[in-house]
Amino acid sequence: MVKIKVILGGLFIVSVLNAQNMKYPVSDKGKVIDEYFGEKIQAPYRWLEDDQSKATADWVQKQNKLTFDYLKKIPYRNQLKEQITRLWNYEKVSAPFEEGEYTYYYKNNGLQPQAVLYRKLTTGGPEETFLDPNNFSKDGTSSLGDISFSKDGNLAAYQISEGGSDWRKVVILDTRSNKQIEDTLKDVKFSGIAWKGSEGFYYSSYDKPKEGSQLAGKTEHHKLYYHTLGEPQSKDKLVFGGESTPRRYIMASVTEDQRYLVITAANSTSGNELYIQDFHSADNNIHKIISGFDNNYEVITSKGDWLYVQTNLNAPNQVLKKFNASKMGSSNLIWADVIPETSSVMNVTSAGGYLFASYITDVHSVVRQYDFNGNLVRMVDLPGEGQTYGFVGKTNQKNIYYSFTNYIYPSSIFQVNVETGKSELYKKPDIKFNPDDYISKQIFYTSKDGTQVPMTITYKKGITLDGTNPTILYGYGGFNISLLPSFSVANAVWLQNGGIYAVANLRGGGEYGREWHDAGTKMKKKNVFEDFIAAGEYLINNHYTSSRYLSISGGSNGGLLVGAVMTMRPDLAKVALPAVGVLDMLRYHTFTAGAGWAYDYGTANDSKEMFEYLKSYSPVHNVKKGVCYPATLITTGDHDDRVVPSHSYKFAAELQEKQGCSNPALIRIETKAGHGAGKPTELIIEESADKFAFILYNFGIRNLE
């Protein structure tokens, strides 16, 4: 249990004195000046964008030394790490999936760096290791990115990410012998693997940036290739994209019946074109089905001549339609509605010869089963209020699987018979955590403009709402992403120690469909920050916590959220944790695939009005000399080639130069790590313990029992 020293004294004084005596590494200031619409903007830390330079490497080393020296002085840092490690050490198993003669599943025995892919004969037999990513590298920092099987299950292609990078290698296996069958493909990025029979597969990538800027260099034109087995990668055929059809994001899939190639093409993270090739058609052409980028289109499955497409065209909460592919190329393409739009956001999957529509209803999952004519078969009986994911499988499967979780319900797997609807527990984790000891409740609060915003608050039963509870407020608010309830081992330890964990479902997310998303984009982006500020004020006004015991946390777009809120309202929270954040809003679009985020953000080059709006909240550009900012622990990875680490580097340099009080401004830079995916277990545990220790130490916490 956390013990709090409310009166200034003890550990609180020590933490303040340590911050006052802190000497930050020197961050040299250059004289770079950018000009936007006649306004000159100084960029003194532009040199930190060069992630290959010795000067940047030296800066990173010195910053890490300062940060880890600080963290080592926190008396209960190791205690927190031991608590998280102890709770983390239980077997974790994924939902199984069938490929060919085998049933596959991932399993981590507790503390393995990466989960291992196992398999058994579906008809019965012993378990065997199929793929162990822990053998990819000695330090566990290389991970399995994705795996795809041919229709007969005899071939598989899997992706390897090294050091957390989005650039991948692809290895091809004969699954019967579990042996690699040809050379490894290289330099694949933002790609699936779509098999066409056993002859080859489709994949996507960009031209690799020039030497010296592989991580930060801009990636502009995505290309879809076809790789024929037995041929070198140099002979792979360009199928779509590149200079002839320049698109930033191109993805391909092949329908389960192996009849259709599906291509989606986009220039931003919202809105896409749709192209279809019918392998059974005499012309064998790739047909454009949807032009423009105003709406989203996703092919869910196919049935004979009909392709089933989920879209938000004239349906902000999504609708499922179908069209007749035999009419492709003609002017009278036939469309029909299958599952109509409702007041809840819908996402459709296909399994067992049925359609499953998962709805988000006030940030909880509701699932309905339909036939292919859109007739309701049944409601799926779920264990409670929370999040489900799964309901995927082959057409001939009669038993399919889904996982269920919420903030106090460890993820468990359930099996459903698609014909009878019978649902039963398949696998429950053996974790030493009792949900009955905790409360997780949803409330609605009022944002600045009157909008009602949901938030879920989770805490241990019996705590007193007296304003002294250590609290983490987490948010994201962007890119149509919904924050649904999900169990976290690290957060469970925070709860066990008496902390409160609150998640605000901000505008910009996808919880209430397209309108909710759009209300937090471009010139409305500040709605997201105001929603988050209002969430913090609700927690304070209702005595869950106070500014002195409130920390704000978020990653990626959520890192921008934290950076913007702490510079807009530095008095709101005592601690800020911006992780892998988009923090330079004037230049984000110049790195890697950042230009694709313009639907949400706009860019500084769009117009004078857009430039001024971005500048008004860009965290790097809004740190002011002499202001007392929260105690800040910025986290990033030196191999992050999605949100490049220079965002975090520049923000840290600005904070360290201008911080107006004794609150520390530190940056923790993980080496051989990227944006977060594939991070090994030990690094996740260490980072979680460091964050919790930093928060509690700067709250003035004396000790943990």
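**Strands, bridges and one disulfide**

Trainee: How many bridges join strand β28 to β29?
Mentor: We're looking at a predicted model here. In it, β28 covers residues 364–370 and runs antiparallel to β29. One linked pair is Tyr370 with its partner Leu376 in β29. The number of bridges joining β28 to β29 is three.

Trainee: Which strands are the edge strands of that open sheet?
Mentor: Start with the order, β26-β27-β28-β29, with antiparallel pairing. An edge strand here pairs on one side only, so look at the two ends of that order. Those are β26 (345–351) and β29 (376–379).

Trainee: How many degrees are neighbouring strands of this sheet turned against each other on average?
Mentor: The sheet is an open one with four strands. Ignoring direction, the average turn between its neighbouring strands is 30 degrees.

Trainee: Is β26 largely enclosed or largely open?
Mentor: Count the buried residues, where buried means under 20% relative accessible area. Six of the seven residues of β26 pass that test. So, with the rest of the structure around it, β26 is largely enclosed.

Trainee: Which residue in β27 is the bridge partner of Asn347?
Mentor: Strand β27 spans residues 354–361, and seven bridges join β26 to it in an antiparallel arrangement. In one of the pairings, Asn347 is matched with a residue of β27, namely Ser358.

Trainee: Which residue takes a positive phi in the hairpin of β26 and β27?
Mentor: That hairpin has two residues between its strands. One of them has a phi near 65 degrees, and that residue is Gly352.

Trainee: Which cysteines form a disulfide?
Mentor: A disulfide is a covalent bond between the sulfur atoms of two cysteines. Searching the whole structure turns up one. Its sulfur atoms sit 2.1 Å apart, and they belong to Cys628 and Cys661.

Trainee: How many residues apart are Cys628 and Cys661?
Mentor: Cys628 is in the loop between α9 (608–617) and β40 (631–637). Cys661 is in the loop between α10 (646–658) and β41 (665–670). The link joins distant parts of the chain, with a separation of 33 residues.

Trainee: Is the link of Cys628 and Cys661 left-handed or right-handed?
Mentor: Check the angle about the S-S bond, which is 70 degrees. With that value, the link is right-handed.

Trainee: What does Cys628 count as, buried, partly exposed or exposed?
Mentor: The partly exposed range sits between buried, under 20%, and exposed, over 50%. Cys661 falls in that range with 26%. Cys628 has 37% relative accessibility, so Cys628 counts as partly exposed.

Trainee: Why does the salt bridge of Lys394 and Glu99 tie together distant parts, and how many residues apart in sequence are they?
Mentor: The closest N and O atoms of Lys394 and Glu99 are 3.2 Å apart. Lys394 is in the loop between β30 (387–392) and β31 (399–406), whereas Glu99 is in strand β5 (residues 97–99). Because the two lie in those separate places, the pair ties together parts whose separation in sequence is 295 residues.

Trainee: Is Glu273 buried or exposed?
Mentor: Glu273, in strand β20, forms a salt bridge with Lys288, in strand β21. Lys288 is partly exposed at 43%. Glu273 has 3% relative accessibility, so Glu273 counts as buried.

Trainee: In which helix do Lys691 and Glu687 both lie?
Mentor: Their side chains meet in a salt bridge of 3.3 Å, N to O, and both residues are buried. They're four residues apart, about one turn of the helix. That helix, residues 681–699, is α11.

Trainee: How many salt bridges does a search of the whole structure find?
Mentor: Side chains of opposite charge can pair when their charged atoms come close. Some link up in a network, such as that of Asp34, Arg46, Glu49, Asp584, Arg587 and Lys650. Across the whole structure, the number of salt bridges found is 38.

Trainee: Which side chain does a polar contact of 3.0 Å join to Gln415?
Mentor: Gln415 is in strand β32 (residues 409–417) and counts as buried, at 16% relative accessibility. Beyond its sequence neighbours within four places, Gln415 is in contact with residues including Asn399, Lys422 and Tyr426. The side chain at the other end of the 3.0 Å polar contact is that of Tyr401.

Technical notes: Residues numbered from 1 in each chain as written. Predicted model: local features only at pLDDT ≥ 70, side-chain atom pairs only at ≥ 80, totals over all residues. Heavy atoms only, no water. Buried < 20%, exposed > 50% of the residue type's maximum accessible area, 1.4 Å probe, protein only. Polar contact = N/O pair within 3.5 Å; in protein donor to acceptor, adjacent residues only side chain to side chain. Contact = heavy atoms within 4.5 Å. Axes fitted to C-alpha atoms, helices over the stretch in contact; angles between N-to-C directions. Disulfide = S-S within 2.5 Å. Salt bridge = Lys/Arg side-chain N within 4 Å of Asp/Glu carboxyl O.
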